[in-house]
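Biologist: Hello! Could you walk me through this structure, one question at a time?

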Amino acid sequence: MKNKNTTIGIVTGLICSIVGLILVLLFFGKGNSLNDSLQIALNQGVFAKLMSMGAILNLGAFFLFINKNQDHRAQGVLIATVLVAITTLIIRFF
């Protein structure tokens, strides 16, 4: 049961990060569409920053799981956040 809840938390965290990235691209993107904004962000080298901003939605999921006493799911969201942070560092410096 623990592994299942942790996996649910990881999936929730990754989905929140993707939705957050899409929202950040829509609000702060300079292109006319989502694809244009993504290409501009990649070309200008700001994709890693936008990806980090998109991970802010994980805070909501984390605290929701903590308040519902679903600690293993909250742990999964935390793991997903660390994965996003490592991915951001890799994109930023390589």
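Biologist: Let me start with one residue: is Asn58 buried or exposed?

Modeller: First, a word on the source: this is a predicted model, where local features need pLDDT of at least 70, side-chain atom pairs count only at pLDDT 80 or more, and totals for chains, interfaces and linings use all residues. Residues are numbered from 1 along each chain as its sequence is written, and side-chain values use heavy atoms, leaving out hydrogens and water. We call a residue buried under 20% relative accessible area, exposed over 50%, and partly exposed in between, using a 1.4 Å probe and protein chains only. Asn58 has 2% relative accessibility, so it counts as buried.

Biologist: Which side chain makes a polar contact with that of Asn58?

Modeller: Asn58 sits in helix α4, residues 57–67; helices are DSSP runs of H or I with at least four residues, numbered from the N terminus. A polar contact is a pair of N or O atoms within 3.5 Å; within protein, one must be able to donate a hydrogen and the other to accept it, and residues adjacent in sequence count only if both atoms are side-chain atoms. At 3.1 Å, the side chain joined to Asn58 is that of Ser17.

Biologist: Which elements give two or more residues to the largest nonpolar core?

Modeller: A nonpolar core is a set of buried Ala, Val, Leu, Ile, Met, Phe, Trp, Tyr and Cys residues joined through side-chain atoms within 4.5 Å. The largest one has nine residues, among them Leu21, Leu25, Phe47 and Leu50. The elements giving two or more are α1 (2–28) and α3 (47–54).

Biologist: Against which helices do the buried residues of α1 pack?

Modeller: Buried residues in α1 include Asn5, Gly13, Ser17 and Val24. They pack against α2 (34–44), α3, α4 and α5 (71–93).

Biologist: What kind of aromatic pair do Phe62 and Phe63 form?

Modeller: Rings of Phe, Tyr and Trp (its six-membered ring) pair if their centres lie within 6.5 Å; planes under 30 degrees apart count as stacked, over 60 as edge-to-face and the rest as tilted. A search of the whole structure finds one such pair. With centres 5.4 Å apart and planes at 75°, the rings of Phe62 and Phe63 are edge-to-face.

Biologist: What is the phi of Asn69 near?

Modeller: Asn69 lies in the loop between α4 and α5, and is exposed at 66% relative accessible area. Most residues other than glycine have a negative phi. Asn69 is not a glycine, yet its phi is positive, near 60°.

Conventions. Contact = heavy atoms within 4.5 Å.
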